[in-house]
Amino acid sequence: MKTKEVVLTGNQAIARGFYEAGGLVAASYPGSPTVDIMESIKRNYDEIYSEFSTNEKVALEVAIGASFAGARAMASMKHVGVNIAADPLMTFTQTKINGGFLLVTGDDPGMSSSQNEQDNRIIGKFANMAILDPSNSQEAKDFTKIAFSLSEEYSTPFMLRITSRLCHSRSKVKLEKREERDITGFNGDLSDYCMVPPNTYKKQYVMKDRIEKLKQAAENMDINILEEGNNKDVLIITSGLVYNNLKELGLDISIYKLGMVYPLPIEKIKQLAKEYSKVIVIEEMMPFIENELKINGIDCEGKKYFSFTGELSTEDIEKGLFSAGVIDKLKYKENDEVKTVQRLPMFCSGCPHRPVFDILKKSRKKVIGDIGCYSLAALYPLEVLDTIISMGASIGILKGMTKALNMKDKGEPLVAVIGDGTFFHSGMPGMVNMLHQMEDGENMTIIILNNGTTAMTGGQHTASSGSYAEEDDMNVNMVKLINSMGFDRVKVVDQFKYKEAKNIINEEIKYPGLSIVITTRPCALKFKIKETHFYVDPKICIGCRSCVKTNCPPILMKEYEGFDKLKSSINSDMCVGCSVCAQVCPVGAIKRSE
Amino acid sequence: MINKNIILAGVGGQGLVLTTKLICEAALKAGYDVKSNDVIGLAQRGGRVWGSVRIGKKVYSPNIPPKSGDILLALEPLEGLRWSGILKEKAKVIINISKIPPAHVMAEKEKYPGDIEERLSKKYDVITINATDEGKLLGTPKVANTILVGIMAKYLDIPMDIWEEAIKENVPSKYIDTNMKAFKKGYDM
Ligand SMILES: Cc1ncc(C[n+]2csc(CCOP(=O)(O)OP(=O)(O)O)c2C)c(N)n1
Ligand code: SF4
Ligand code: SF4
Ligand code: SF4
């Protein structure tokens with residue numbers, strides 16, 4: 001039978017690899033660039049139990065449990081998600097591996113959709129894991145499978161590090177059959193799984209020994225590939241997509257392409273280094289491979305010629321090699337520069353966040369932001385948020401800032417906003433913490449934007465999705481939860497009743513203690529909300545632009561025949577009928593169509 | 001066919017990812033090597049989005065090197081203009097001229113450029129169509145991108161029956177007919 005060949009993204013290829021490897025349990029928390037690994041498993045592979053867990057720590061723990069039971073298990077998350085999961089990870093990696101274990105981390109050089117650019121190869125090494133780094137979709141699939149067999153063979157948890165570009169790049173993949181596997185069950189020795197001293201003492205040696213053995217195996221591993229050119233001057237060491245970007249240059253040059261970037265085949269590289277006059281490492285972000293080589297006494301260069309931040313495109317590599325004197329001509333010219341109007345992302349038509357931020361902008365108060373679609377409120381034209389750090393951080397920051405300001409008599413009313421996804425992910429501990437030393441005069445308002453989904457990452461469920469979607473398996477009642485935590489000033493608002501919502505939010509901001517406001521409208525995109533559209537009556541419109549300032553995509557000032565002043569207009573194809581613009585219009589010029 | 005580098009540019013929510021996938025799958029079926037970039041980053045919320053497809057005998061990087069684009073599929077004119085800098089001289093530019101104003105234009109801080117076609121025609125071979133309106137005539141503006149793909153298909157060495165197969169496999173079943181009509185509409189232009 002001919003093997004079937006298809007085009008898959010890196011994410012889809014990892015999902016396929018897990019399926020073919022006989023994977024049983026996959027857990028994840030959504031985050032770009034890896035979110036589609038789990039979506040693809042859910043769409044295609046019923047044999048696998050898959051869940052979007054409450055946060056990355058829980059996802060990792062679910063996968064750990066399955067691995068303990070002997071199942072091949074995978075946890076996938078964006079790079080910063082590994083920070084959340086780091087506590088169980090750092091201790092889990094000391095245990096014996098029963099079912100193969102893979103942690104997939106989506107790094108984001110260039111930060112196309114992330115709050116930082118951390119290089120998780122560092123965490124992989126820190127946690128004593130072996131790290132694979134694929135360069136296309138075929139390798140993403142193959143390496144996923146290899147990770148499971150090596151993980152079991154060397155009793156070591158593996159990390160697959162993939163970058164955002166590859167996650168979303170399609171290329172050819174040959175499909176193979178799923179390997180059906182039974183599980184052993186959990187009947188291990190407690191000293192291998194109860195990580196308390198003295199059990200942990202010997203584990204330090206076990207971890208060292210595993211990495212040592214993998215290092216030896218790396219010397220002849222066929223995913224570390226040497227391509228010899230005629231030129232013996234330079235040896236390039238690289239991995240991942242950077243390899244393909246380098247190949248694009250079509251140079252006659254020797255390349256050692258690493259499939260496993262930790263531990264490295266040090267002896268082999270020492271040997272090779274003797275044959276060449278110069279070793280150059282090309283890698284994105286931190287000088288990880290370069291430093292490993294230097295620690296091991298191998299003379300090499302790298303970051304001297306290539307940027308420490310962002311992606312390394314073919315042109316960047318060409319420039320780096322030129323400055324290193326490896327090539328003497330630049331083949332690529334610069335792109336023509338095209339200057340034009342910028343285009344920033346904005347809330348969708350009918351977004352439930354829109355009226356809240358319109359109200360907050362008018363309140364002119366400082367607003368501590370958090371991570372979600374509402375982070376867009378930091379951008380033009382809203383520019384309402386004053387800080388954004390990491391998921392769930394708004395609550396602790398609100399408390400600390402309020403305390404410090406009050407202690408020096410500089411108190412002012414502060415507002416924090418947090419989505420339901422972020423609230424359940426890591427906002428809850430901050431909320432409970434709020435109950436500490438509440439004093440009068442600490443004017444804090446927390447607005448929980450309960451839109452029933454983690455909208456920003458593509459509309460995955462949250463623990464409170466069940467209140468908007470009956471088919472969802474979780475329906476935590478946000479209001480009951482907040483009340484039972486012990487907060488007594490809790491207001492529930494329908495933000496599409498604009499005036500009422502404005503009054504309540506402003507009242508709560510004024511209230512000199514802690515108050516919590518929970519909004520109730522669902523995400524318009526996820527829940528495909530579309531009601532009859534609104535239109536502007538140009539005869540009534542006075543051109544005040546209040547509606548335009550809500551920044552809803554269909555609203556635009558335009559020329560009408562017979563009027564000399566510009567009047568507002570609404571593109572009926574785009575309007576989903578939330579009515580917010582009509583409510584901010586001072587003269588009633590915006591009406592719902594029949 | 002010699003290597004072809006295709007750039008797609010549009011606005012979040014215009015279905016760029018699906019269009020990229022359609023082109024990739026047709027290329028694969030026709031026996032080519034293919035690599036693409038989908039949007040990375042904020043895909044849905046009205047921001048600028050772009051993708052690329054590279055087709056040929058052997059493709060290494062999914063990224064199009066500077067000034068190497070052969071075809072630009074502009075799902076929106078301003079976004080087409082923004083990405084045109086990556087094109088070769090005389091490249092084909094296929095534009096859906098239906099405009100989506102960005103926030104700064106909505107707020108009247110800046111004007112939507114009025115000379116996009118003119119500027120692009122000076123350097124490139126420009127084909128324009130209001131694919132959104134044409135799509136509506138066929139039944140739904142959702143097939144606008146398929147019309148553009150139909151126009152592009154004339155410049156790629158991929159047989160018609162392969163395009164038909166790829167469309168059938170990649171669009172929701174109730175839209176197959178409309179998409180077929182849309183593709184032909186573009187192809188026959
Ligand atoms: C630790 C971590 N995990 C995942 C993400 C990816 N991420 C960005 S926004 C978001 C969800 C936001 O959901 P919610 O707070 O409900 O806001 P919404 O987008 O629905 O408005 C996630 C998971 C992240 N930035 N950090
Ligand atoms: S996806 Fe949902 S929450 Fe995000 S901007 Fe759109 S409507 Fe708002
Ligand atoms: S009613 Fe107004 S604010 Fe709501 S979606 Fe339509 S144009 Fe936007
Ligand atoms: S808010 Fe009303 S009066 Fe003001 S521009 Fe909009 S439609 Fe016209």
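1. Let's start with the residue classes around ligand 3 in this predicted model. The shell holds 9 nonpolar residues, 3 polar ones and no charged residues. Chain A supplies A:Cys552, A:Cys575, A:Cys578 and A:Cys581, among others. The neighbours also include A:Phe534, A:Pro554, A:Ile555, A:Ile570 and A:Val576. A:Gly350, A:Gly577 and A:Ser579 are in the list too, and since Gly is classed as polar, these can be read as the polar part of the shell.

2. Ligand 2 is worth viewing with both chains switched on. Its surroundings include A:Cys348, A:Cys351, A:Cys373 and A:Cys523 from chain A, together with B:Arg45 from chain B. Because residues of chains A and B surround ligand 2, the site is shared between chains. To fill in the picture, A:Phe347, A:His353, A:Asn451, A:Ala455, A:Ala524 and A:Leu525 are also found around ligand 2. By class, this shell has 8 nonpolar, 2 polar and 1 charged residues.

3. Next, have a look at the interior. The largest nonpolar core has 67 residues, and the members that touch the most others are A:Phe357, A:Leu360, A:Phe423 and A:Ile446. Two domains of chain A, domain 3 (353–519) and domain 4 (534–592), each give at least three residues to this core. There is also a second, separate core of 43 residues, which includes A:Phe101, A:Ile237, A:Leu264 and A:Ile269.

4. If you want one residue to click on, try A:Ile446. Leaving aside residues up to four places away in sequence, A:Ile446 touches A:Ile395, A:Leu398, A:Ala416, A:Ile418, A:Met431 and A:Met434, among others. Its contacts also include a run from A:Leu514 through A:Ser515 and A:Ile516 to A:Val517.

5. Two cis peptide bonds deserve a check by eye. One runs from A:Pro197 to A:Pro198, with omega near 5°. A:Pro198 sits in the loop between α8 (190–193) and α9 (199–218) of chain A. Another cis bond joins A:Tyr380 and A:Pro381, where omega is about 0°. In this case the loop holding A:Pro381 lies between β14 (366–368) and β15 (385–387) of chain A.

6. Finally, here are two backbone angles to inspect. A:Asn128 is not a glycine, yet its phi is positive, near 60°. You will find A:Asn128 in the loop between α5 (121–126) and β6 (130–132) of chain A. A:Ser155, also not a glycine, has a positive phi of about 50°. The loop between α6 (137–153) and β7 (158–163) of chain A is where A:Ser155 lies.

Methods
Residues are numbered from 1 along each chain as its sequence is written. Chains are lettered from A and ligands numbered from 1 in the order in which they are written. This is a predicted model: local features need pLDDT of at least 70, side-chain atom pairs count only at pLDDT 80 or more; totals for chains, interfaces and linings use all residues. Side-chain values use heavy atoms; hydrogens and water are left out. A residue is near a molecule or strand if one of its heavy atoms lies within 4 Å of it. A nonpolar core is a set of buried Ala, Val, Leu, Ile, Met, Phe, Trp, Tyr and Cys residues joined through side-chain atoms within 4.5 Å. Buried means under 20% relative accessible area, exposed over 50%, partly exposed in between (1.4 Å probe, protein chains only). Domain bounds come from an automatic or database domain assignment. Contact means heavy atoms within 4.5 Å. Helices (H or I, at least four residues) and strands (E, at least two) are DSSP runs, numbered from the N terminus.
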